[in-house]
Amino acid sequence: MHTIAITQGDPAGIGPEIVAKAFRDAPELLRHCFVVGDVATLRRAAQAIARPGVGGLPVAQISAPHEALAMPPRCVPVLPVPAIPGPQPWGQVSAAAGRAAADAVVWAARAALRGEVAALVTAPLHKEALSAAGVDFPGHTELLQAEAAAHQGVPPARMPVRMMLANDELRTVLVSIHVSLRDAIAAVTQDNVLQTLQITHAALQRSLGHVPRMAVAGLNPHAGEGGLFGREELEVIAPAIAAARAQGLDVHGPFAPDTVFMRARSTPQRVGEFDVVIAMYHDQGLIPVKYLGVDKGVNVTLGLPLVRTSPDHGTAFDIAGQGVADAASLIEAVRMARQLSA
């Protein structure tokens, strides 16, 4: 049986404490999971979430992933990364915190690529802290892409990845991720849209067990209204959809972006028309999922030769160390990682 590695996140943010809360509040789900990071940082987090009259949360140091299999419930196994910086001041951007977060991700990614862990769950990191630490990537997705590409001996451009945000009701996949809106519009090319459809099809066919029904959102209001409000739908998006359908993909659109997410949403009363919506840019795809509940949204990286999920929130420096951060999204990320790696 393989374990799941959970990175500690930025030690100045809420990452370590929501990880500790997950082990405390969802002990059965967190069985056979372990934390990649710093033991002292996790012990401080366990103290931060302590409640009066309730026993403390033990934190145990392990030296290999398989040792997590023997750990009892409500115990946090931590595999320390060599030379990782220790606890950092709560709520402060620092190069040391950025380095600690990045080192944990790199260690866990390499373990996953070697097949030593079944999946990787990443706690929040801070992009400014990463930059201060000299990390050349703006976030998890790009860092993991580079590690996977290096492992397979190809340039990162040959390891295309996409971000999916998902909850029980809706899945969305983005054509572009962390770029300006101006650059995101420029990224709506036939090749990028087609590649997004291909990556999404392959990933969801594996996880769902059937050919996914994919809907494509337009870029412009009313999906361009036949060219009245923009021609990207006619000249770029529709040809990409046609090319995907010629390859046997079940894809439809482009649809008006203000209604397609409602059509795809599944509820106990109604099954959605589609399994996933392809969104043209970051906010177009993420706002609908987050509106349904930030505590339920899970970020999944598609296109990697490993399973990676993460909670859908940031480092929340303003409340770090207070023990009030909600671990629900991290717990959902672990649950989804188990499903995807089964």
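# A tour from two cysteines to a buried strand

Start with C33: its sulfur is 13 Å from the closest cysteine sulfur, that of C75, which is too far for a bond. A disulfide here is a pair of cysteine sulfur atoms within 2.5 Å. The structure holds zero of them. This is a predicted model: local features need pLDDT of at least 70, side-chain atom pairs count only at pLDDT 80 or more, and totals for chains, interfaces and linings use all residues. Residues are numbered from 1 along each chain as its sequence is written, and side-chain values use heavy atoms, with hydrogens and water left out.

Keep both cysteines selected. C33 is buried, at a relative accessible area of 1%. C75 is buried too, at 9%. Buried means under 20% relative accessible area, exposed over 50%, and partly exposed in between (1.4 Å probe, protein chains only).

**Stop 1: the cavity**

Stay on C75 and add F23, L30, R31 and P72. Of the 13 residues that line the largest cavity, these five are the closest to its centre. A cavity is a set of points on a 1 Å grid over the protein atoms alone where a 1.4 Å probe fits but cannot get out; lining residues have an atom within 4 Å of a point. Grid points are joined across faces, edges and corners, and the volume is the space filled by probe spheres set on the points. The whole structure has one cavity of 30 Å³ or more. About 70 Å³ of space lies in the largest cavity. What classes of residue make up its lining? Ten are nonpolar, one is polar and two are charged. Ala, Val, Leu, Ile, Met, Phe, Trp, Tyr, Cys and Pro count as nonpolar; Asp, Glu, Lys and Arg as charged; the others, Gly among them, as polar.

**Stop 2: strand β4**

Select residues 76-80, strand β4. Four of its five residues are buried, so the rest of the structure largely encloses the strand. Strands (E, at least two residues) and helices (H or I, at least four) are DSSP runs, numbered from the N terminus. Two strands pair if DSSP finds at least two bridges between them. Now add β2: it runs parallel to β4, joined by three bridges. V35 stands opposite V78. Add β3 (residues 59-61), which pairs with β4 in the parallel sense, also over three bridges. Here Q61 stands opposite V78.

**Stop 3: aromatic pairs**

The whole structure has two aromatic pairs. Rings of Phe, Tyr and Trp (its six-membered ring) pair if their centres lie within 6.5 Å; planes under 30 degrees apart count as stacked, over 60 as edge-to-face, the rest as tilted. Select F34 and W107: they are edge-to-face, 6.5 Å centre to centre, with 85 degrees between the planes. F34 sits in β2 (residues 33-37) and W107 in helix α3 (residues 95-113), 73 residues apart. F34 is buried, at 0%. Next, select F255 and F274: this pair is tilted, 5.6 Å centre to centre, with 40 degrees between the planes. F255 is in β9 (residues 251-255), F274 in the loop between α9 (260-264) and β10 (276-279). F274 is buried, at 7%.

**Stop 4: strand β6**

Finish at residues 162-166, strand β6, where five of five residues are buried. R162, M164 and A166 point one way; M163 and L165 point the other. Add β11 (residues 298-302): it pairs antiparallel with β6 over five bridges. The partner of M164 there is V300. Then add β7 (residues 171-174), antiparallel to β6 over three bridges. L165 has T172 as its bridge partner. A hairpin of four residues joins β6 to β7.

Note on methods: 1 Å grid on protein atoms, 1.4 Å probe; cavity = no way out; pocket = protein on both sides within 12 Å on 5 of 7 lines; lining within 4 Å.
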